[in-house]
Amino acid sequence: MRIRYIGLSNETPYGLLKFLHVAESVSINPRIVSVQNSYNLLCRNFDSGMAECCHHERVSLLAYSPLAMGILSGKYFSLDGGPTDARLNLFRGRYAEGESRYNLSYGIIRKATELYVSIAHNYDIHPVSLAIAFVLKHPLVASAVFGATKSWQLDEVLNGCRVQLTPEIVAEISKVHSKFPNPCP
């Protein structure tokens with residue numbers, strides 16, 4: 001068996017460069033082609049150094065959690081905390097890192113999320129589709145890794161593949177990002 005390509009997950013710029021260096025020194029020289037890191041409207045760590053490394057080294061991003069564990073859908077804003085069958089409610093306590101990163105009880109996270117959901121509604125786009133379109137717009141994204149438990153969720157993700165973010169929408173997203181930069185690192 002021959003390893004032709006390698007992907008990394010949850011990596012830093014330094015880690016990526018070290019892996020690339022080691023891969024180049026091995027005689028079989030498998031190529032590192034992707035890194036799977038979290039990337040969404042609320043978590044843009046990838047853009048702080050990692051994007052530069054990936055661009056220069058021709059490594060693509062497999063963006064996981066493009067919906068920020070579902071909070072960018074807006075479904076967790078209801079008074080009862082969202083549908084009982086929603087992932088964060090069904091499996092409460094099993095996603096410790098995600099639950100702490102995307103915790104709507106933090107005012108900055110709640111406000112940024114509300115503003116992104118509002119942008120979607122203002123342009124008659126489902127919030128899921130807006131979040132997916134944003135991630136797919138990044139030139140280094142090869143794919144978005146998402147979870148869907150219902151067919152309508154998959155429909156909205158697929159719609160996001162067709163959404164064209166106009167300069168006006170991008171400007172509004174940028175305005176929110178300027179006000180609340182990376183609230184979920």
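1. Let's start with salt bridges: this predicted model holds one. The partners are Glu114 and Arg110, and their closest N and O atoms sit 3.8 Å apart. That falls inside the cut-off, since a salt bridge needs a side-chain nitrogen of Lys or Arg within 4 Å of a carboxyl oxygen of Asp or Glu.

2. How are the two placed along the chain? Both belong to helix H5, and because they are four residues apart there, about one helical turn separates them. As for the general idea, side chains of opposite charge can pair when their charged atoms come close.

3. Are these two partners buried or exposed? Neither, quite: Glu114 is partly exposed, at a relative accessible area of 32%, and Arg110 is also partly exposed, at 29%.

4. Just before that helix, have a look at Asn103, in the loop that links helix H4 (96-101) to helix H5 (107-122). Asn103 has a relative accessible area of 25%, so it counts as partly exposed. From Asn103 to Ile71 is 32 residues in sequence, but in space their C-alpha atoms are 8.7 Å apart.

5. Now the strands. S2 (residues 31-36) and S3 (residues 60-64) run parallel and are joined by two bridges. One pairing to find on screen is Ser34 with Ser60 in S3. To get from S2 to S3, the chain passes through helix H2 (residues 50-57), making a right-handed β-α-β crossover.

6. S3 also pairs with strand S4 (residues 141-145): these two run parallel, with four bridges between them. Here Leu62 has Ser143 in S4 as its bridge partner.

Note on methods: Residues are numbered from 1 along each chain as its sequence is written. This is a predicted model: local features need pLDDT of at least 70, side-chain atom pairs count only at pLDDT 80 or more; totals for chains, interfaces and linings use all residues. Side-chain values use heavy atoms; hydrogens and water are left out. Buried means under 20% relative accessible area, exposed over 50%, partly exposed in between (1.4 Å probe, protein chains only). Two strands pair if DSSP finds at least two bridges between them. A crossover is right-handed if, with the strands pointing away from the viewer, the path from the first strand over the helix to the second runs clockwise.
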